[in-house]
Amino acid sequence: MRVGVLTGGGDCPGLNAVIRGVVRKGVQEYGYDFVGFRDGWRGPLENDTVRLDIPAVRGILPRGGTVLGSSRTNPLKQEDGIRRIKDNLAKNEIDALVAIGGEDTLGVAARLSDEYGVPCVGVPKTIDNDLSATDYTFGFDTAVGIATEAIDRLHTTAESHMRVLVCEVMGRHAGWIALHSGLAGGANVILIPEQRFDLDQVCAWITSRFRASYAPIVVVAEGAMPKDGQMVLKDETRDSFGHVRLSGVGEWLAKEIERRTGKEARTTVLGHIQRGGTPSAFDRWLATRFGLHAIDAVRDGDFGKMVALRGTDVVRVPIAEATAKLKTVDPKLYEEAGVFFG
Ligand code: F6P
C-alpha cells in the first residue's frame with residue numbers, strides 16, 4: 001500500500017505531529033510506503049512530491065508549521081483539476097490519500113472521495129476550532145495559550161498606565177479563541193463574531209471598570225462587528241480567495257473607546273503569532289492520536305471519513321458532514337462569560 005499525505009490551508013501547530021503519527025504507524029505496523037505532496041492540493045495537482053519515510057519524520061513532533069508546506073490551492077476551481085490530480089496519484093501509484101486541513105482542504109477531500117472515487121481520509125486542523133463533528137481541533141489549545149499569555153502581560157501595562165488595552169485575536173467566523181483566552185486571561189469584555197456588539201454597552205462596561213479603579217482589557221475576535229449603524233465597514237476587503245477580511249476591528253475599537261469614554265486606549269493585534277511555533281502538549285497528543293487513527297482508517301478502507309475527537313475517543317465521521325457547517329460559539333457559553341464583563 002502506498003499512501004499520499006498533504007497539509008492544506010493555514011499552518012497550525014501540530015501538523016507535523018500528525019504526519020509523524022501517520023508515517024510511524026503506517027511503516028512500523030502496516031509496512032506501508034508514503035509519498036508527501038507539497039503545499040496542500042498544489043502537490044498532487046503539479047506532481048510536486050517529497051520523500052516521506054521514518055528518517056523524514058524524525059524530530060518533527062515539537063516543530064510548528066508543516067514539513068510538507070501548505071497552500072490554499074483549490075483544485076476544484078482549476079480547469080482540469082480533478083483529472084490532473086487523478087493522473088498524478090496514478091503516476092505515483094498512490095492507493096490512498098491522507099488530507100490534513102481545515103474546512104476548504106477537507107471540503108475538496110470530501111468531494112474527491114464521494115464524487116470522483118479518490119480514496120481520501122481527512123484529518124481536521126484549525127486553530128479556530130470551528131470545524132463541526134470534532135470537540136477540538138489541534139492548534140486551538142496552543143493559540144489559546146499564546147493569547148492568554150499575551151492578555152496576562154497586557155493586564156500589567158493596562159494597570160500601570162490606567163489605559164484600556166484591546167487585544168485582537170484570530171477568528172473570522174467563530175469566537176472560540178476570544179472566548180477561551182478571554183476567560184482564561186480575565187478579560188473585562190470579550191467580543192465574538194457570532195454576536196454583534198453594542199458599542200455603547202462596551203463603553204459602559206469600560207467606564208464602570210475604571211470606577212472600580214481597574215484598567216480594562218478587551219479581547220476582540222478579528223471577525224467581531226458592532227451592531228448596524230455603529231461601524232462603517234470601510235476596512236472590508238476580500239483576499240484573492242474571496243475570503244472577507246475585516247482588518248482593523250481592534251484599532252477601530254480603541255479609537256472609538258477613546259472618543260466615547262475619554263480614556264486612553266491601545267491595541268495589540270496578535271495575528272500569526274497565534275499560529276506559529278511549537279504546539280502545546282495537548283495539541284501534540286491530539287494531533288498524534290489523529291495521525292494514528294487516520295492510518296487505521298486507511299487500513300480499513302474507510303474512505304470519505306475524517307477522524308474526530310468525541311470526549312476522549314477518536315471516532316470517524318463522514319468528511320462531508322464535518323465540513324457542511326461551521327461550529328460557532330454557543331450563545332449560552334457566551335452568556336456565561338458575560339458575568340465578568342464590566
Ligand atoms: O483559519 C485560520 C486562520 O488563522 C484564521 O483565524 C485567520 O483569519 C486566517 O487563518 C488567516 O489566514 P492567512 O494566514 O491566510 O491570512
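Biologist: How many residues in the shell around the ligand are charged?

Modeller: This is a predicted model: local features need pLDDT of at least 70, side-chain atom pairs count only at pLDDT 80 or more, and totals for chains, interfaces and linings use all residues. Residues are numbered from 1 along each chain as its sequence is written. Ala, Val, Leu, Ile, Met, Phe, Trp, Tyr, Cys and Pro count as nonpolar, Asp, Glu, Lys and Arg as charged, and the others, Gly among them, as polar. Besides two nonpolar and four polar residues, the shell has charged residues numbering four.

Biologist: Which strands are the edge strands of the open sheet?

Modeller: Strands (E, at least two residues) and helices (H or I, at least four) are DSSP runs, numbered from the N terminus, and two strands pair if DSSP finds at least two bridges between them. The order of the seven strands is β3-β2-β1-β4-β5-β12-β13, with mixed pairing. Pairing on one side only is what marks β3 (49-51) and β13 (313-318).

Biologist: What angle does helix α10 make with β12?

Modeller: Helix α10 (residues 281-299) packs on the sheet and touches β1, β4, β5, β12 (305-310) and β13; contact means C-beta atoms, placed from the backbone, within 7 Å. Axes are lines fitted to C-alpha atoms, for helices over the stretch in contact, and angles run from 0 to 180 degrees between N-to-C directions. For α10 and β12 the angle is about 140°.

Biologist: What share of the protein chain counts as buried?

Modeller: A residue is buried if 20 or more other C-beta atoms, placed from the backbone, lie within 10 Å of its own. Of the 342 residues, the buried share is 48%.

Note on methods
Two residues are in contact if their C-beta atoms, placed from the backbone, lie within 7 Å. A residue is buried if 20 or more other C-beta atoms lie within 10 Å of its own, exposed if 12 or fewer, and partly exposed in between; C-beta atoms are placed from the backbone.
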